[in-house]
Amino acid sequence: MLTIGLGVGLFAGSQLASSRAQETALWAGVAATVVGMVMFAASRPEPDGDADLEPDERSRSTPSGLGTRVEEILRTAEQQAADHLRQAGKDARKVRARAEAGLWVVLRQGDDGERYEVARLESRSDADSVVAALEARGHLQRYSVAPAAEA
């Protein structure tokens, strides 16, 4: 394009007699070349960056397909969170069971026949001492000691 524009400008300029007219013709040719290049560049389609994507992936990369992809991600995150909560519950029950395996509970049997927890202690001898102290008060309730896992 540049060559054609310059050629037209030089040809038209050589046909004119004055050097000022030749210079004007040359610049007119340059201007015509620049305008032609701009028009050529504007008429070319932009390369499609998504051309190498699969049709499903192409729809996900556009704003219209973004909502579907976000919903899939959120659904997966919710499922993973539920799995983590279930596993955490199982782990908590195991930890509690291990912690309570070494504990002893002091129980009081009420007038209604129900048993109520009075204290949790780390050793059987401490639990027996609490029972002895409570029975020494002279109350009519009955006290007993049991492993925490059984209470």
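## A first look at Y143 and its surroundings

Welcome! A good place to start is Y143, which touches L107, R108, V118, V131, L134 and E135, leaving aside residues up to four places away in sequence. Please keep in mind that this is a predicted model. From Y143 we can move on to the core, then to a pair of strands, and finally to a patch on the surface.

**The nonpolar core**
- Y143 belongs to the largest nonpolar core, which has 6 residues in all.
- Its companions there are V106, A127, V131, L134 and V145.
- Helix α5 (124–135) and strand β3 (142–147) each supply at least two residues of this core.
- The largest share, 3 residues, comes from α5.

**The β1 and β2 hairpin**
- Strand β1 (residues 104–109) runs antiparallel to strand β2 (residues 115–121), and 6 bridges join the two.
- If you would like to trace the pairing yourself, try V105, whose bridge partner in β2 is R120.
- Between the strands of this hairpin there are 5 residues.
- While you are looking at the hairpin, find G113, which takes a positive phi near 90°.

**A nonpolar patch on the surface**
- Where can you see nonpolar side chains on the surface? L66, V70 and L74 form a patch there, with about 260 Å² of accessible area together.
- One of these residues, V70, lies in helix α4 (residues 63–101).
- V70 has a relative accessible area of 38%, so this residue counts as partly exposed, a class that falls between the limits of 20% and 50%.

Notes
Residues are numbered from 1 along each chain as its sequence is written. This is a predicted model: local features need pLDDT of at least 70, side-chain atom pairs count only at pLDDT 80 or more; totals for chains, interfaces and linings use all residues. Side-chain values use heavy atoms; hydrogens and water are left out. A nonpolar core is a set of buried Ala, Val, Leu, Ile, Met, Phe, Trp, Tyr and Cys residues joined through side-chain atoms within 4.5 Å. Buried means under 20% relative accessible area, exposed over 50%, partly exposed in between (1.4 Å probe, protein chains only). Helices (H or I, at least four residues) and strands (E, at least two) are DSSP runs, numbered from the N terminus. Contact means heavy atoms within 4.5 Å. Two strands pair if DSSP finds at least two bridges between them. Patches are made of residues with over 30% relative accessible area and no salt bridge: like charges are joined within 9 Å, nonpolar side chains (Val, Leu, Ile, Met, Phe, Trp, Tyr) within 5 Å. Accessible areas come from the Shrake-Rupley method with a 1.4 Å probe; for residues, only the protein chains shown count as cover. A salt bridge is a side-chain nitrogen of Lys or Arg within 4 Å of a carboxyl oxygen of Asp or Glu.
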